[in-house]
Amino acid sequence: MGRGREHERAAGPALVDREGILRDLSRHLAAAWASFDRPRSAEPEADAELIGRLGAGLPEEPGDAQAALGDAVHVLDASVSPSRPLFLAYVGSSGLEVGVLGSALSAAYDANLATAAGAADLVDRQAVRWVAQFVGFPLGEGTFTSGGQTSNLTALLAAREHALPGAREHGMADRRGAVYCSDEAHHSVVRAVEAAGLGRRWVRRLAIDEQRRMRVDALAEALARDRADRVTPVAVVATAGTTLTGAVDPLDAIADVCAEQDVWLHVDGAYGLPAAATATAGRHFHGLERADSATVDAHKWLGVQKSCSLILMRRSGPLRAAFGHEERYMLHEADVANPVDLTLEYTRPFRSLRLWLALRVHGAAQFRTWIERTLHNAALLADAVREHPRFELLHEPMLSTVCFRHVPAAMPADRIDAHNERLAHAMQRDGRIFLAPAVVDGQTCLRTCFVNYRTTPDAVPLVLDVAGELGDALSRDAR
Ligand SMILES: Cc1ncc(COP(=O)(O)O)c(C=O)c1O
């Protein structure tokens, strides 16, 4: 059979027009950064023509590069961006400029951190050490992952191998292992338990106290019950900054129980752990240094782009015990740790570069100041809610999350939940403040989370101004 000529089709000129790419990049980045400085946080909707094009099939022939790039920018403009200063929904980020540069450079070089990648490995390890030092965690080893979900899973796989040696080899067989977390732990913990093959029914979701923190007596009781039933405790997952209200579980008291019972303590600090570095909130994290492992997301309160998370281990060894393999196609020098032996991922981007650059350029003191500012913003909002006759604060903020609700004067109690849900969506459409609805103790509310360094304290009053204006209008319409 003769060979075809398929291999001869030239790449379109747009692919190699590097000068053009640089010009386009600087133009579009300038526009993006200018838009971050505007207070508006909701984005205009994509126009009908673009939406039509987004339904089209796979193009066979080269297309117009400028048209494609124009659509890409339009898509981004019409998508929610947490980098805007008044994006207060979920747990956002700041999208630091230097992180954009790090992302572009790492994409250009496209290093693969699965293999011994040379100096990039050293940057990866230095950034892990810096973050551990910043939050006050005594590091044995650690690695970057794609997000808090993967970091939590990484920790649980290490804890499983520690508590139930041979689980990698034999699976769970007839063994039963439980994981303990508060009722307000992030769902990623449950998913990690499922993925680790322990089975979701072995997640012990424990009662919380009046500060919405794990109750240590409930933990001790659950551990005792499971021991009596011959269920092996695999790990206790304490949350340092719950997603719903920013509560930090009592780490030191939990560490006492874990030490007594010889159970692995993992701290899920995906959102909250950077606050351990601050004078204002640092005291909540006492006991962190006793944990076996900790998750921290750099793409949340450390301000860099998605996705960039870390799993930190107090000792050296559990990562290799959980993930090490002998590969015949990835030989490495005996005395050099192969990064792939320390993570769940194979091909792994150089995601640490943007964080490393940000820490080098801004320094730890600037990060502490920025995080303090977000804590201050949350305290300002909580004060304003307390003082306002038509708003109700649903919890005392420990970190930077504030849940509150609008309570119009004449509205019957059974309509307040639906009203607040409508209000949150109305605010998202309005665009001046982007927040999201949430439910605290069965009460639907407005949830704000201050992690964006661009949010200035003088913008905080706008939250209640807008919520009050739109909430009053909605309640008038509903009458
Ligand atoms: C406490 C906590 N843990 C884990 C996660 C999951 O992190 P990621 O979305 O980076 O996977 C989140 C996300 O908000 C979180 O708040």
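Student: Which polar backbone atom is 2.8 Å from an oxygen atom of the ligand?

Tutor: To read such a feature, one looks for pairs of N or O atoms within 3.5 Å. In this predicted model, the backbone atom belongs to Gln-149, and the ligand oxygen is 2.8 Å from this polar atom. Side chains take part as well: a polar atom of Asp-268 lies 2.7 Å from a nitrogen atom of the ligand, while a polar atom of the His-299 side chain lies 2.9 Å from a ligand oxygen. The ligand on its own has 390 Å² of accessible area, of which the protein covers 83%.

Student: How many residues surround the ligand, and which are the closest?

Tutor: There are 14 residues around the ligand, and the closest are Gly-148, Gln-149, Thr-243, Asp-268 and Asp-297. Sorted by class, this shell consists of 9 polar, 3 charged and 2 nonpolar residues, and its largest share, 3 residues, is supplied by helix α6, which spans residues 148–163.

Student: Where does the largest nonpolar core lie with respect to domain 1 and domain 2?

Tutor: The general idea is that in soluble globular proteins nonpolar side chains tend to be buried together. Here the largest nonpolar core has 71 residues, and Phe-285 and Leu-355 are those with the most contacts inside it. Helix α12, residues 352–387, gives the most to this core, namely 10 residues. Because domain 1 (20–50 + 61–107 + 363–479) and domain 2 (112–349) both give residues to this core, it lies between them.

How values were computed
Residues numbered from 1 in each chain as written. Predicted model: local features only at pLDDT ≥ 70, side-chain atom pairs only at ≥ 80, totals over all residues. Heavy atoms only, no water. Near = heavy atom within 4 Å. Polar contact = N/O pair within 3.5 Å; in protein donor to acceptor, adjacent residues only side chain to side chain. Areas by Shrake-Rupley, 256 points an atom, 1.4 Å probe, with all protein chains shown as cover. Helix = DSSP H or I, 4+ residues; strand = E, 2+ residues; numbered from the N terminus. Nonpolar A, V, L, I, M, F, W, Y, C, P; charged D, E, K, R; others polar. Core = buried A, V, L, I, M, F, W, Y, C linked by side-chain atoms within 4.5 Å. Buried < 20%, exposed > 50% of the residue type's maximum accessible area, 1.4 Å probe, protein only. Domains from an automatic or database assignment.
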